[in-house]
Amino acid sequence: MRHPRDYTVNQAWIVFRLNEAPVRTERDGDLDVVCLMDAASCYILGMEFVAAGAAEVPAPVAEGLIETGRAAANGLPKKLWLSSGLGAARIAAVAKRAGIEAERVPDKDLTAFLSEARQGFREHLSRRQWREL
């Protein structure tokens, strides 16, 4: 099983859906949060909102995530792991054009990386809901 301790910073980045259930908004409807994270540090390099249940991450979102990551990390990774929970063909194409090897990875193999980020997001949403009542 993959684990953050087995990698160095900027060796691999992960693209995944941060939320487990759609985020409901009045203005834009139900959304998913697509997240870009460094595999070694588990630092979130960037995130974008997309329509919930979209079959594919839109090309401008894919390009934006890679560019945000490049700016935050001052470079690009060797590998980009694409969560099996995302339609990520466009992200793979953007990565390839940038010279990054893209690999589709089952979410179960990314648990050590994603569980804390998802838990933190869940807790953040729970606290926010209570404040709004």
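This is a short talk on the fold of one protein and on an aromatic cluster within it.

Hi everyone, and thanks for coming. A word of care before we start: what you see here is a predicted model.

Let's begin with the overall layout. The protein has 3 helices and 6 strands. If you walk along the chain from the N terminus, the order is β-β-β-β-α-β-α-β-α. Have a look at the model as you follow that path.

Next, the overall dimensions. The C-alpha trace spans about 45 × 30 × 25 Å along its principal axes. How does the radius of gyration fit with a compact globule? For 133 residues, such a globule would come out near 14 Å, and the protein has 15 Å, so the two agree. As for the interior, 38% of the 133 residues count as buried. And if you take the contacts with a separation of 6 or more, 53% of them join residues that sit 24 or more positions apart.

Now to the surface. The protein exposes about 7700 Å², and 51% of that area comes from carbon and sulfur atoms. On the charge side there are 18 positive and 18 negative charges, and their mean positions lie 2 Å apart.

With that, on to my favourite part, the aromatic rings. The structure holds 3 aromatic pairs. One of the pairs is Tyr7 with Trp81, with 5.0 Å from centre to centre and 80° between the planes, an edge-to-face arrangement. Where do these two residues sit in the chain? Tyr7 belongs to the segment before β1, Trp81 is part of strand β5, residues 79-83, and 74 residues separate them.

Are the two partners buried or exposed? Trp81 counts as buried because its relative accessibility is 1%. Tyr7, in contrast, counts as partly exposed because its value is 21%, and buried would mean under 20%.

Tyr7 has another ring partner, too. Its ring and that of Phe113 have centres 6.2 Å apart, and with the planes at 55° this pair is tilted. Phe113 lies in helix α3, residues 111-132, while Tyr7 lies before β1, so this pair ties together parts that are 106 residues apart in sequence. Phe113 itself is buried, with a relative accessible area of 1%.

Put the three residues together and you get one aromatic cluster of Tyr7, Trp81 and Phe113. So if you open the model after the meeting, do start at Tyr7, because its pair with Phe113 links the segment before β1 to helix α3.

That's all from me, and I'm happy to chat.

Terms used:
Residues numbered from 1 in each chain as written. Predicted model: local features only at pLDDT ≥ 70, side-chain atom pairs only at ≥ 80, totals over all residues. Heavy atoms only, no water. Helix = DSSP H or I, 4+ residues; strand = E, 2+ residues; numbered from the N terminus. Rg over C-alpha atoms; globule rule 2.2 N^0.38 Å. Buried < 20%, exposed > 50% of the residue type's maximum accessible area, 1.4 Å probe, protein only. Contact = heavy atoms within 4.5 Å. Areas by Shrake-Rupley, 256 points an atom, 1.4 Å probe, with all protein chains shown as cover. Lys, Arg positive; Asp, Glu negative; His and termini not counted. Charge placed at Lys NZ, Arg CZ, Asp CG, Glu CD. Phe/Tyr/Trp six-rings, centres within 6.5 Å; stacked < 30°, edge-to-face > 60°.
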